[in-house]
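Student: Got a minute to go through a fold with me? I'd like to start with the sheet and then look at how the helices pack.

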Amino acid sequence: MPKRSDFEWLEDRPDWIKNAYRLKLEVEYRRTHGTSFQLLFDRIMRSIHGDDYTATATYGNEGDLGCDGFLRSQKAFFAVYSPSPYFKLAEARNKMKADFARFEECWQIPKQVKQWTFVVNYPGVHPSFLALAQEFEELHPGLTVAVWSRYDLTQQFLIFARIDLLLPEFGSVEKKVQELAPLHFVPEDTALPSEEATLTYRRLSARITCQKAEYDQLTNEWLDRLGQEPMNWMMVHIQFLVGAMASVGMVGSFAIEDPPLRRLKFETAVADFAWRKYFKTAWGVPASLIFQEDYKKEYPLIGDDVDMLFGVCLVQDALTLATIRLHSRITGLWENEILEEVWSYVTDIKIHPE
């Protein structure tokens with residue numbers, strides 16, 4: 001039986017190497033959905049478990065028998081879920097129930113299977129998934145039911161990945177990476193202006209972390225550039241507000257289609273006249289992109305009104321921060337953690353033509 005000392009492990013490598021692999025995974029998470037995420041999950045599991053892990057495939061009318069992957073030594077089965085374009089909590093719960101029901105039909109529990117894990121392409125695990133997992137365990141004594149998020153996958157990879165197994169899957173890290181600072185970026189396929197999106201992220205981050213000098217500098221740069229490329233900024237502000245709404249919608253901290261207006265207005269610190277004139281459009285445009293025909297509220301269109309465009313831009317910018325803050329106050333989540341989640345949506349949700 002091989003010992004741990006017989007192999008090299010990612011956990012023992014320098015931080016800059018582990019950070020490089022963490023970044024590789026983050027890039028992959030945001031670019032993969034459906035089958036492509038399942039293939040990414042297979043690569044991560046092979047990097048940790050080698051031949052002990054077996055990827056499965058669908059076949060004819062039988063499908064995959066409720067099993068997207070199998071870890072033989074632990075008799076552990078996996079169901080993988082990564083919807084597109086973004087994660088909806090209710091749909092994810094329904095998928096977990098359906099996958100488990102199919103799994104129950106096809107396997108003897110606990111004789112053939114000791115553990116069933118629902119794997120989601122999402123930054124964290126919502127408590128409602130944990131409640132479902134507990135219900136499933138109560139139905140089947142001897143079965144362990146778990147839910148893994150991106151965070152769980154990344155942590156396991158960083159601790160348990162074996163160098164000889166991960167190299168064929170994710171390649172090596174070049175020495176020059178050690179000299180690079182951590183980067184944030186927007187993948188090209190979102191059609192977002194990268195410079196504007198990055199400045200917006202940095203500005204929000206500076207405001208949330210109380211970096212006044214940096215925030216003031218970035219705000220001055222934003223205001224100077226706003227008049228030069230207003231449509232670029234409109235696109236970015238809509239995308240960030242969509243991301244903030246998606247973050248709220250994931251945990252249901254308040255209803256996007258009918259938000260708590262007084263609390264939201266208080267968090268924006270927007271003047272009364274600007275709120276009355278621009279809020280319906282500023283909120284309605286991204287909300288209608290999320291709900292589409294299910295968003296019933298009417299709002300004034302921008303059209304060729306330049307003043308309206310600038311006003312909506314300014315209010316949408318304030319609403320993104322306000323939504324993050326209200327979301328934090330309701331749920332107790334840290335604002336900077338919510339911003340990272342919003343950023344993951346910004347780089348993932350496609351709301352613009354290719």
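Tutor: Sure. One definition before we start: two strands pair if DSSP finds at least two bridges between them. And keep in mind that this is a predicted model.

Student: Okay, so how many bridges join β3 to β4?

Tutor: Six bridges link β3, residues 76-81, with β4, residues 115-120, and the two strands run parallel. Within that stretch, Phe77 stands opposite Trp116 of β4.

Student: What's the strand order in the whole sheet?

Tutor: The sheet is open, with five strands in the order β1-β2-β3-β4-β5, and the pairing is mixed. β1 (53-55) and β5 (144-148) are at the edges, and each has a single partner strand, so one side of each has no neighbour in the sheet. From one strand to the next, the twist averages 20 degrees.

Student: Which strands does α4 touch?

Tutor: α4, residues 127-139, packs on the sheet and touches β4 and β5. The direction of α4 makes about 165 degrees with that of β5.

Student: And α5, what angle does its direction make with that of β5?

Tutor: About 95 degrees for α5, which spans residues 150-160. α5 also packs on the sheet, touching β4 and β5.

Student: Let's zoom out. How many helices are in the protein?

Tutor: The protein has 13 helices, along with the five strands. Of its 354 residues, 48% are buried. Taking contacts with a separation of 6 or more, 73% are between residues 24 or more positions apart.

Student: Helix pairs next. At what angle do α1 and α2 pack?

Tutor: At about 155 degrees, with the axes of α1 (residues 15-31) and α2 (residues 35-49) 9 Å apart. Angles over 145 degrees count as roughly antiparallel, so α1 is roughly antiparallel to α2. The crossing of α1 past α2 is left-handed.

Student: Which residues make that contact between α1 and α2?

Tutor: α1 supplies Leu25, Glu28 and Tyr29, while α2 supplies Phe37, Leu40, Arg43 and Ile44. By class that gives five nonpolar, no polar and two charged residues.

Student: While we're in α2, is Gln38 buried or exposed?

Tutor: Gln38, which is in helix α2, has a relative accessible area of 17%, so it counts as buried. Leaving out residues up to four places away in sequence, Gln38 touches Thr56, Asp68 and Val80.

Student: Now α7 and α9. How do their axes cross?

Tutor: The axes of α7 (residues 194-208) and α9 (residues 230-251) come within 9 Å and cross at roughly 50 degrees. The two helices are therefore oblique to each other. α7 passes α9 in a right-handed crossing.

Student: What's in that contact of α7 with α9?

Tutor: On the α7 side there are Glu196, Ala197, Leu199, Thr200, Tyr201 and Leu204, and they meet Asn232, Trp233, Val236 and Phe240 of α9. By class, the contact of α7 with α9 has seven nonpolar, two polar and one charged residues.

Student: Last one: what does Ser205 count as, given its relative accessibility?

Tutor: Partly exposed, because its relative accessibility is 23%. Ser205 lies in α7. Ser205 is 10 residues from Tyr215 in sequence, and their C-alpha atoms are 8.4 Å apart in space.

How values were computed: Residues numbered from 1 in each chain as written. Predicted model: local features only at pLDDT ≥ 70, side-chain atom pairs only at ≥ 80, totals over all residues. Heavy atoms only, no water. Helix = DSSP H or I, 4+ residues; strand = E, 2+ residues; numbered from the N terminus. Axes fitted to C-alpha atoms, helices over the stretch in contact; angles between N-to-C directions. Contact = heavy atoms within 4.5 Å. Parallel < 35°, antiparallel > 145°, perpendicular 65-115°, else oblique. Left-handed = near helix turned anticlockwise from the far one by under 90°. Nonpolar A, V, L, I, M, F, W, Y, C, P; charged D, E, K, R; others polar. Buried < 20%, exposed > 50% of the residue type's maximum accessible area, 1.4 Å probe, protein only.
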